[in-house]
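Here is a small set of exercises, each with a worked solution. Have a go at the task sentence before you read on.

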Amino acid sequence: MSDLGAGFGYLIKGQRWAFGHGRWFGFGLLPGLITLVVYAGALVGLGYGADDFVAWSTPFADDWSSLWSGLLRNTLVVLVFVLGLFLAVITFTAVTLLVGQPFYESLSEEVDRSEGGEVPESDLPLWQELWISARDSVRILVRVALYGVLLFALGFVPVLGQTVVPALGFCVSGYFLAEELTAVALQRRGLVLKDRLVLLRGRRMMVLGFGVPLALSFLVPFVAVFLMPGAVAGATLLVRDLTAAPVPAPEPYTLNKG
């Protein structure tokens, strides 16, 4: 439980850092604003089109009574929109980070610089960094999509689908959201996707403590845009903890009898 609290603490520290550095906060807002406009249009379109999509995909229910066909289709409309929202939460960060790669790279470096110690810098050209980020994001999104399909199917299970499944969905969202955000600082430190996932699995509860509250807050319109600079800052602080060299244990004291 202490790791959960520590992860949430890094989220709060990151927001404090961003709001305390006004120029960097404004600098980090731009990519999120661009992505928000695109995603808002997509979600509005999904909201208007979900009814038609469900009706088209369930022709077998045309002959059912209005009560049962309405219950089935209304449930599916809700599930389709929830799935779209679930994917939007994950992909929003990936797309925003891709659009804002130069912005967030500079912001993350500034966080490292302000905290003291070594400030890792990437020696790769921008196009190669963008390619690596896009490739890794696709790999992560494939994993998320698989989880999304599984959770969507489990949503039909009575009681379980209305209680446990949404909670699991937010845990999955938060975990991979944290992965996307920490990738900015970890990629500068030379860690490839496989190594990043191993590192995060080693402190899973801390990662969830950071990512799940952020995923929940991202559901509120416009909040994601304003929290992104602080989220990148907090993820950088989290990475500093995850990659810190362990303190060697003191050697046992032995009495010199000579």
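**Exercise 1. Find the residues that form a nonpolar patch on the surface, and give their accessible area together.**

Step 1: fix the rules. A patch takes residues with over 30% relative accessible area and no salt bridge; nonpolar side chains (Val, Leu, Ile, Met, Phe, Trp, Tyr) are joined within 5 Å, like charges within 9 Å. A salt bridge here is a side-chain nitrogen of Lys or Arg within 4 Å of a carboxyl oxygen of Asp or Glu.

Step 2: collect the members. They are Phe60, Trp64, Leu67, Trp68 and Leu71, and together they offer about 600 Å² of accessible area (Shrake-Rupley method, 1.4 Å probe; for residues, only the protein chains shown count as cover).

Step 3: zoom in on one of them. Tryptophan 68 sits in helix α3, residues 66-99, and its relative accessible area of 55% makes it exposed. The classes are buried under 20%, exposed over 50% and partly exposed in between, with a 1.4 Å probe and protein chains only.

A word on the ground rules: this is a predicted model, so local features need pLDDT of at least 70 and side-chain atom pairs count only at pLDDT 80 or more, while totals for chains, interfaces and linings use all residues. Residues are numbered from 1 along each chain as its sequence is written, and side-chain values use heavy atoms, with hydrogens and water left out.

**Exercise 2. Describe the protein chain as a whole: its helices and strands, its span and its buried residues.**

Step 1: count the elements. There are nine helices and zero strands, where helices (H or I, at least four residues) and strands (E, at least two) are DSSP runs numbered from the N terminus.

Step 2: take the dimensions. The C-alpha trace spans about 95 × 50 × 30 Å along its principal axes.

Step 3: look at burial and contacts. Of the 258 residues, 42% are buried. Among contacts (heavy atoms within 4.5 Å) with a separation of 6 or more, 80% are between residues 24 or more positions apart.

Step 4: check the surface. The accessible surface is about 13,900 Å², and carbon and sulfur atoms own 70% of that.

**Exercise 3. Which parts of the chain does the salt bridge between aspartate 3 and arginine 203 link?**

Step 1: get the geometry. The search of the whole structure turns up 10 salt bridges, and in this one N and O are 3.2 Å apart.

Step 2: place the ends. Aspartate 3 is in helix α1 (residues 2-20) and arginine 203 is in the loop between α7 (193-202) and α8 (204-217), so the DSSP runs put one end in a helix and the other in a loop. The two are 200 residues apart.

Step 3: check exposure. Both ends are partly exposed: aspartate 3 at 22% and arginine 203 at 28%.

**Exercise 4. Work out where the salt bridges of helix α4 have their partners.**

Step 1: start inside the helix. Arginine 113 and glutamate 109 meet at 3.9 Å, N to O; they are four residues apart in helix α4 (residues 101-115), which means about one helical turn. Arginine 113 is partly exposed at 42%, whereas glutamate 109 counts as buried at 16%.

Step 2: go outside it. Arginine 189 bridges to aspartate 112, with the closest N and O atoms 3.1 Å apart. Because arginine 189 lies in the loop between α6 (164-188) and α7, and aspartate 112 in helix α4, the pair ties together parts 77 residues apart in sequence.

Step 3: compare the ends. Arginine 189 is partly exposed at 21%, and aspartate 112 is buried at 0%.
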